[in-house]
Amino acid sequence: MHDFVWLLTVSLVLVVIAVFSFIALKSGVKKDYDPIVKKAYRIRSVWFVVLLLVIGTSFVFTLSDLPYNKGGQAIAANANAQVVDVVAKQFAFEMSQKEFKVGEPVLFRVTSADVNHGFGIYDENLIMLTQTQAMPFYVNELVYTFDKPGTYEILCLEYCGIAHHAMGTKITVVE
Ligand code: CUA
């Protein structure tokens, strides 16, 4: 990844240098301005339509799924999910339950007693499985079904003060 970013950076710097050199070399050449302006306006109109189509289409495809959790909440309501209340506060998570079963949907109802925190669930290799925000005066619902037994890590994802890095807890999932 680092090699790729390094190569990309060098390539882009070279492109910038090439563009600047091109402009510097051409700067002495005199040309009639009117046709250039007309051409630029044409390019701009076409570009506008292209952007409108690309962005419009992306919006239709990506925003029609919002809110992302609506399916999950419906599943949780139907499947009698375990409901767990989570209160984040500087610098710990209070949870009404910390042991869960494999295959059973869990509905985390996440809020905060003070400032904004994050609520991220990680597996044993610290790969994030799902996350939501813990916000004061608001309850975020997060549905997750664990498919493997083990110890899972909950970590705060939002800088929330001096001991943010130490804010976390563990939960257990059994067969
Ligand atoms: Cu709580 Cu960072």
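**Two sheets and three unusual backbone spots**

Colleague: Hello! In which loop is Phe91 found?

Modeller: Welcome! This is a predicted model: local features need pLDDT of at least 70 and side-chain atom pairs count only at pLDDT 80 or more, while totals for chains, interfaces and linings use all residues. Residues are numbered from 1 along each chain as its sequence is written, and side-chain values use heavy atoms, leaving out hydrogens and water. Strands (E, at least two residues), like helices (H or I, at least four), are DSSP runs numbered from the N terminus, and Phe91 is found in the loop between strand S1 (82–89) and strand S2 (92–95).

Colleague: Is the peptide bond from Gln90 to Phe91 cis or trans?

Modeller: Most peptide bonds are trans. From Gln90 to Phe91, omega is near 5°, and the bond is cis.

Colleague: How many bridges join S1 to S2?

Modeller: Two strands pair if DSSP finds at least two bridges between them. Ala88 stands opposite Phe93 in S2. S1 and S2 run antiparallel, and the number of bridges joining them is 4.

Colleague: Which are the edge strands in the sheet with the order S2-S1-S4-S7?

Modeller: That open sheet has 4 strands with mixed pairing. Each edge strand pairs on one side only, and the two are S2 and S7.

Colleague: What does the twist average from one strand to the next there?

Modeller: Axes are lines fitted to C-alpha atoms (for helices over the stretch in contact), and angles between N-to-C directions run from 0 to 180 degrees. For this sheet, the average twist is 30°.

Colleague: Why is one side of strand S3 and of strand S6 left without a neighbour in the sheet?

Modeller: Another open sheet has 5 strands in the order S3-S9-S8-S5-S6, with mixed pairing. Strand S3 (99–101) and strand S6 (128–134) stand at its edges, so each has a single partner strand.

Colleague: Which residue in S8 stands opposite Ile121?

Modeller: Strand S5 (residues 117–122) pairs with strand S8 (residues 150–155) in the antiparallel sense, over 3 bridges. Opposite Ile121 in S8 stands Ile154.

Colleague: What is the phi of Leu126?

Modeller: Most residues other than glycine have a negative phi. Leu126, in the loop between S5 and S6, is not a glycine, yet its phi is positive, at about 60°.

Colleague: Is Phe137 buried or exposed?

Modeller: Phe137 lies in the loop between S6 and strand S7 (140–145), and its phi is positive too, near 65°. Buried means under 20% relative accessible area, exposed over 50%, and partly exposed in between (1.4 Å probe, protein chains only). With a relative accessible area of 88%, Phe137 is exposed.
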